[in-house]
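Work through the exercises below with the sequence and the structure at hand. Try each task before reading its solution.

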Amino acid sequence: MQPEHEQSTRRPRGRPERHPSRRAVLGAGVGLLAAGGLASARSQPERTGPKPSAGKAKNVIFLVVDGMSIGTFTIADMVMRERGGGSPESGSHWANLWSKPGVRRSMMSTRAADSLVTDSAAGGSAWGCGRRLYNGSICFDTNEGELEPILVSAKRAGKATGLVSTARITHATPASFVATVPRRSMEKIIAEQELERGVDVLLGGGAGNFSDDLLAGHPDLTIVRDASSMRRAAGVEGRLLGLFTDDHMSYELDRPDTEPHIREMAMLAIERLSKHENGFVLQVEAGRVDHGGHANDFPAILHDQLAFEETIEAVTNWVADRKREEGLDDTLVIITTDHGNGGPQLTLYGDEARRGLDTLLGTTHTLSWMLGQLRGRPREDWASGLRDLVREHAGVTLSDEQVDWALKPTRGERVDPFRGANSLVSAVGKVMADHYGIAFVSKNHTAEHVEATAFGPGSESLTHRIENYELHALMVNALGLT
Ligand SMILES: [Zn+2]
């Protein structure tokens, strides 16, 4: 099922304000406030972010989980602790980093220039080009046009570059590190820019945006289409393009073996890029936690979040091994999310919370997968079909009343006074909240501040509270890019 994740790509209306030059922005760490922004956003943000630590890092690995609300993080941590015997150390790899020497944390704002609630294009562009832009923009300013994304700067400095995503590789978050387009929906142009701008490793979904003509124009690429051919190509020199699905890759819970795990893609990218003598910049995105949020689908969210946690562990071990075995402490690692989504929380007391987690862990397919199956059936079979699918794949027997509630939106009826929570996925999510104990506030992104964690050279510049665009300056400074 296609997730309901596309956000408005509308540009801000009204007369544009004068913007400071890019140099001034980078130098001062000040973001742009586009016309149409709220009054409170017009005052110049105080500089609380990174301080120069020029050129200490040879490599940057940027790990981003798209659309992670704190409830998502919390429930994944709980599940990991349960599986690991209950001690705090057995929980989230991300959280366990915080007690290690040299690891810094920050609470980060996420807003866009034209909206208190960001989309992934503006959120990613804040990191990619250091500016607060309008929702839908990929490193493209209304007045100044194209801004330079960090992978272009890194390439100019002689570094290797890479993008890994479980979403389409042309989707907003990977695009925001290399592409420059006014609308995120221009994914065929983003595909061209990714290839023309020389990204060395591209692994993800989105084959539908790479035409045969486009690929024919880049004969130097090794192209792989499934996990086993990716493994066989691991030692082949040159640029690597892995396109494993036409659209987004599968949710981890539904993933067939033909599609690689995000950890495997990330580590293969690191192995290749780290052979480059001038270092590398790599973004790895767990792109579908966001889609699970839009779909109010906690089984989808949980297993993609756990896969991201495994990726954190593998990357952290790679950095530690490099330090121990080769004496190299030259890699800045940043772990964060671009915004919350759906705001899921475990919110029933006592045994119900425990039973909810057990039911969640016993669910063998995502709710999105189940609804995809349902949509393939005649409408008159949906009530019995939903009951059967949920019984078979979630181990839950829905009552007649619950089935009726779940299907209300298909009859044009509302399930919630809040207009952000009325759709088939919201209704199914609300019915499943009685079984998982996990409820969502909406099927939209949320404006909550988010966690940013960093370690390695340059991370000492991370202060306790930053604006999202300040992470760009932190990376640029750490790498000594101009
Ligand atoms: Zn989204």
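The exercises go from the whole chain to a helix, a sheet and a pair of helices in this predicted model.

**Exercise 1. The chain as a whole**

Task: State how many helices and strands the protein chain has, and what percentage of its residues count as buried.

Solution:
- Step 1. The secondary structure comes to 18 helices and 16 strands.
- Step 2. The chain has 482 residues, and 54% of them count as buried.
- Step 3. Take the contacts between residues at least 6 apart in sequence: 71% of these join residues at least 24 apart.

**Exercise 2. The length and surroundings of helix 2**

Task: Check the span of helix 2 (residues 70-83) against the rise of 1.5 Å a residue, then find what its buried residues pack against.

Solution:
- Step 1. The expected span is 1.5 Å times one less than the number of residues. Helix 2 has 14 residues, so it should span 20 Å.
- Step 2. The C-alpha atoms at its two ends are 20 Å apart, which agrees with the expected value.
- Step 3. The buried residues of helix 2 are G71, T72, F73, I75, A76, D77 and V79.
- Step 4. These buried residues pack against several elements, among them helix 11 (288-294), helix 12 (298-326) and helix 13 (350-361). Strand 12 (345-346) and strand 13 (438-439) are also included.
- Step 5. After helix 2 comes G85, with a positive phi near 100 degrees.

**Exercise 3. Reading a sheet**

Task: Give the strand order of the open sheet of 10 strands and name its edge strands.

Solution:
- Step 1. The order is 7-8-6-5-9-1-10-15-2-16, and the pairing is mixed.
- Step 2. Strand 7 (222-224) and strand 16 (465-466) are the edges, since each pairs on one side only.
- Step 3. Strands of a sheet pair through backbone hydrogen bonds, parallel or antiparallel. Strand 1 (residues 59-65) and strand 10 (residues 331-337) are a parallel pair with 7 bridges.
- Step 4. In this pair, F62 stands opposite I334 of strand 10.
- Step 5. Helix 12 lies across strand 1, strand 5 (160-168), strand 9 (280-286) and strand 10, at about 165 degrees to strand 1.

**Exercise 4. Two packed helices**

Task: Describe how helix 14 (residues 367-375) packs with helix 15 (residues 382-394).

Solution:
- Step 1. Two packed helices are described by the angle and the distance between their axes.
- Step 2. Here the angle is about 145 degrees and the axes are 10 Å apart. The crossing is right-handed.
- Step 3. Helix 14 contributes M370, Q373 and L374 to the contact. Helix 15 contributes W382, G385, L386, L389, V390 and H393.
- Step 4. Sorted by class, the contact has 6 nonpolar, 3 polar and no charged residues.

Note on methods. Residues numbered from 1 in each chain as written. Predicted model: local features only at pLDDT ≥ 70, side-chain atom pairs only at ≥ 80, totals over all residues. Helix = DSSP H or I, 4+ residues; strand = E, 2+ residues; numbered from the N terminus. Buried ≥ 20, exposed ≤ 12 C-beta atoms within 10 Å, placed from the backbone. Contact = placed C-beta atoms within 7 Å. Pairing = 2+ DSSP bridges. Axes fitted to C-alpha atoms, helices over the stretch in contact; angles between N-to-C directions. Left-handed = near helix turned anticlockwise from the far one by under 90°. Nonpolar A, V, L, I, M, F, W, Y, C, P; charged D, E, K, R; others polar.
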